[in-house]
Amino acid sequence: MQIFVDTKYDFIKWRFAAVAFSLVWILIGAAFYFRNGINWGIDFAGGANIVLRFKDAVPMDKLRADLTDASIQQYGKPEERSVLIRQPQLGREGDYAGQTVAKLLKDLNPESADPNKIDINYHGRDRISDLLFSTDPDRKGTNEAAKKYYFDMAQNIINKRSEVGLFTNMSQVTSVPGVTAADASVLNQRTFLGAFTLLNQETVGPQVGRELQMKAVWAVVLSTLAMGAYLWLRFDIMFGFAAIVCIVHDVLVSLAFLGMIHGEFSLNIVAALLLIVGYSINDTVVTYDRVRENRRKLKQRMTLEEQLNLAMNQTLSRTILTSGSVVIVLIALIIFGGKVIHEFAWILLIGVLAGTYSTVTIVPAVAIAWNNLTGRKHDISGPTRSARIEEPRSETREPRKRKAV
Amino acid sequence: MNRNVIWKVVLILGVLVAFIVAVIPTSNNPEPIKRGLDLKGGTHLVMRVNVGDAVRLETDQAAETLKTQAQKLNLPTVTTRRVNDASFLATVPQGVSTADYERLAKDYLGAWDMTRTPEGAMLFKMKTASQTSIERDTIDHAVETIRNRVDALGVTEPIIAPESGNRIVIQLPGVDDPARVKDIIKTTAVLQFRLVEGSPGADAASTLATVPENMKNDVDILQGTREDELGRPVGVEYYAIRKNVPVTGTDLKNARVQKGQLGQPNVGMSFTPDGARKFGALTGANVGRRLAIVLDNKVMSAPNIKSKIEDSGVIEGQFTQAQASDLALVLRSGSLPASLTTLEERTVGPSLGRDSIRQGVLASLIGFIALIAAVLLYYHGAGINAVLALLLNLIILLGMMAYFKATLTLPGIAGIILTLGMAIDSNVLVFERIREELREGKTVRAAIEQGFSRAFGTIIDTHMTTIISALFLFQFGTGPIKGFAVTLLIGLFASVFTAFFVSRVIFDVVYKPEDRPSTISI
């Protein structure tokens, strides 16, 4: 199967419309940011994120009354009975999430008033193991073997909990393999099923948040510049500059999209942006590689516009195919990848599409403008071997002769 | 077949075997590729060590030394006041020369710079070098104490590493009770045995009133729990405790949970030989008085000394079994030299990790299969070549992660699948080039040769740009993102190898030069 063979599209013609389209897109994104503000995630804004899964229906009103400064929303599908609690940063360091969870454990579990009872939906293996070892329902004694016996039993109970999400019925606990009737009776007396289990808790203090913010900005700026410098060395300054414009364009388009969906600006998003910086430039490199190669075997005079059009048409099928294969993967990640990587995959998708689009629109636009402003030095009238744009490697070498055995 | 090609095939098979071996779980190594905290569940903590605490302690001790040495020489009493963590002001009575004190300072306070204030007082400032060394020791000591505690908790493969800015990064995979672990890590656990003066009262002022006048400057007022006759807590009360600390937690040899007379859990301690001697001297000389057991500046209990005790002691309090065993644990592992402040915490519960893996793997599999289908559809025979290269890429990637002990994180799974998407790029570049060469009328062999050699420069360029961004990602990223960057970097190197070397060898094997092939499925 082949597509886009010997195409003769005039990409250059569309460049002004494309620049206008990109500008409008970015401006719309900016307008969204202007209206809604930046939705800083916990990584940068600091504060706490807590995800809890409940045994019964989520007591939303109770949570809201209990945690007045937090925003509380459903997490995932309603049948998962999970909530995300977001607490703002209070301008000081501290264990925000830990304190909130401790408060909820106390307020939502009346049984927790008895210090001798263990919340089997919240506490871990060691608590259960300690309880069983110290009460010793199976008469194993107080030696190391007994300790291991109860430790393994506790581990099995916790594994079971991870598997089912959280216990909703005490019989789930007592039916874990290895738990005897005597153990079950101790567990029934000394443990209870708490209202929720902890899926995830994060606290970021103001200091770390500020640092991460700075690091993120620097990482994106520096990697863009590094990319431009590398391409300047490998090709020429016009192309290095066009590449930087292209990267900035792709990042802005992705950020604009994030603004439109009011997505959370998190570390994962910064990672996605860095990837876009590295990846979206690939199409551009391939195209310009081809421009350089064509110049070497040029027979008649060609303007930069013609050179670019030729190279873009020659590499078009490759561009579409590669972007297509990455897009396939990203769509799979978006649909099936779960909540945690959802926004990450979306931003990457937009970035990759923007990268392909900018290769055939923005990069030629910038290169042509540069060429026009610098006296059309890039219109070539014969084969060039200019050191500036020549690859260090010799291309004319004959393919190596092989000796047949 | 060409000998050269045979060699290459052998090399590729060797690589294949080596990496497959690396990723197969064995009984010694049941988890060849480590899962990150986000997949396994666990806690990532960044703590700041408040090194100021340790510096302050040193400052107080220096002030105390100056006072006691002056006392020994019968010099008029000097009053000291701490100005900040690392400096204190010593004022001598009106009309007394400071010369004697300065001589003392020269002898005993070598690590301090002294300047005279306009009012005639002496300002002592800790030398920067000694302050730095105290701070460094404090961090080392804190790291060691935390490691002891984490080891005692039985956490497997923890990471406890100091970082710039007086910070310690703690990663505890598989921890399922983060609140307890944090409590254990953060407890300072400074245990002291100090004599009680006067009698306890309901507030600080009334307690101080029971202390003899000449002792008033030598006691601290500390809070404790008031108990009724049955030992149940009924409120707080205040104790006047001597400032002098004759025995501390460092004199302990061991601490463990035991049962009290009523079956309530408490913590039994035994002393080191040196500690036992000190404890014996303290209790022997003070029979009939009350001895306070002070933990982190809180009076746990203040029993009467009935007779001289040497070997062991008991800490009583309203402990639950769990509290008592945690206290015994922190006492065994030693006290922290300074308090800790949580700067960052990320905890993933085990069930979330399980969900994430399930979804991540499912998404990746679907993406991978779709990718393979697309490549086969588009390139037919050569598509098989690309798929083989891709599979080898995946195996190398996973094998390298196992060899380098890299951690697989959730973004890392996305990174793997994305790397494969990008690895296809190299194959596509080559294949498209071969097609072009064929269209220009070249023979199959010449097209293959040209396709690979022409695409090489481009492939290097596209990989370099992505490597640059992966390096920045690694440099700036934390935790899972770093894992992603590592995956990406390894994948990029693997993809140069597979797309350029492996896939070339496959072509050489299928379309042997000596056969002069005239058609190619691409």
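In this predicted model, 5 residues of domain 1 of chain B are in contact with 5 residues of domain 2 of chain B. On the domain 1 side, the touching residues comprise 2 nonpolar, 2 polar and 1 charged. The centres of domain 1 and domain 2 of chain B, taken over C-alpha atoms, are separated by 55 Å. The domain assignment places domain 1 of chain B at 3-41 + 349-515. Domain 2 of chain B covers 44-50 + 133-345, and domain 3 of chain B covers 52-128.

Contacts also link the two chains. The interface involves 71 residues of chain B and 77 residues of chain A. Several elements of chain B each supply at least two residues to the side that touches chain A. These are α6 (178-186), α9 (321-332), β18, α10, α11 (410-439), α12 (444-476) and α13 (479-510). Helix α10(B) gives the most to this side, with 17 residues. By class, the side of chain B that touches chain A has 34 nonpolar, 23 polar and 14 charged residues.

A sheet runs across both chains. The sheet is open and has 8 strands, in the order β2(A)-β3(A)-β1(A)-β6(A)-β18(B)-β2(B)-β8(B)-β7(B). Pairing within this sheet is antiparallel. Strand β2 (71-75) of chain A and strand β7 (159-163) of chain B stand at the edges. Each of these edge strands has a single partner, so one side of each is left without a neighbour in the sheet. From one strand to the next, the twist averages 20 degrees.

The crossing from chain A to chain B falls at β6(A) and β18(B). These two strands pair in the antiparallel sense over 5 bridges. Here A:Val204 stands opposite B:Glu344 in β18(B). Within chain A, strand β1 (residues 47-54) pairs with strand β6 (residues 196-204) over 8 bridges. This pairing is antiparallel as well. The bridge partner of A:Phe54 in β6(A) is A:Phe196. Helix α10 (residues 350-403) of chain B packs on the sheet. The helix touches both β6 of chain A and β18 (340-348) of chain B. The direction of α10(B) makes about 85 degrees with that of β6(A).

A helix pair provides a further meeting point between the chains. Helix α5 (residues 125-135) of chain A and α9(B) pack at an angle of about 105 degrees. Their axes lie 10 Å apart. Angles of 65 to 115 degrees count as roughly perpendicular, and α5(A) is therefore roughly perpendicular to α9(B). From α5(A), the residues involved are A:Arg127, A:Asp130 and A:Ser134. They meet B:Gln321, B:Ala322 and B:Ser325 in α9(B). By class, this contact of α5(A) with α9(B) has 1 nonpolar, 3 polar and 2 charged residues.

Further strand pairing is found within chain B. Strand β11 (residues 233-242) of chain B is joined to strand β9 (residues 191-201) of chain B by 3 bridges. The two strands run antiparallel. In this pairing, the bridge partner of B:Val196 is B:Ile241 in β11(B). Strand β10 (residues 219-227) of chain B is joined to β11(B) by 9 bridges, again running antiparallel. B:Glu227 stands opposite B:Pro233 in β11(B).

Methods: Residues numbered from 1 in each chain as written. Chains lettered and ligands numbered in written order. Predicted model: local features only at pLDDT ≥ 70, side-chain atom pairs only at ≥ 80, totals over all residues. Pairing = 2+ DSSP bridges. Helix = DSSP H or I, 4+ residues; strand = E, 2+ residues; numbered from the N terminus. Axes fitted to C-alpha atoms, helices over the stretch in contact; angles between N-to-C directions. Contact = placed C-beta atoms within 7 Å. Domains from an automatic or database assignment. Nonpolar A, V, L, I, M, F, W, Y, C, P; charged D, E, K, R; others polar. Parallel < 35°, antiparallel > 145°, perpendicular 65-115°, else oblique.
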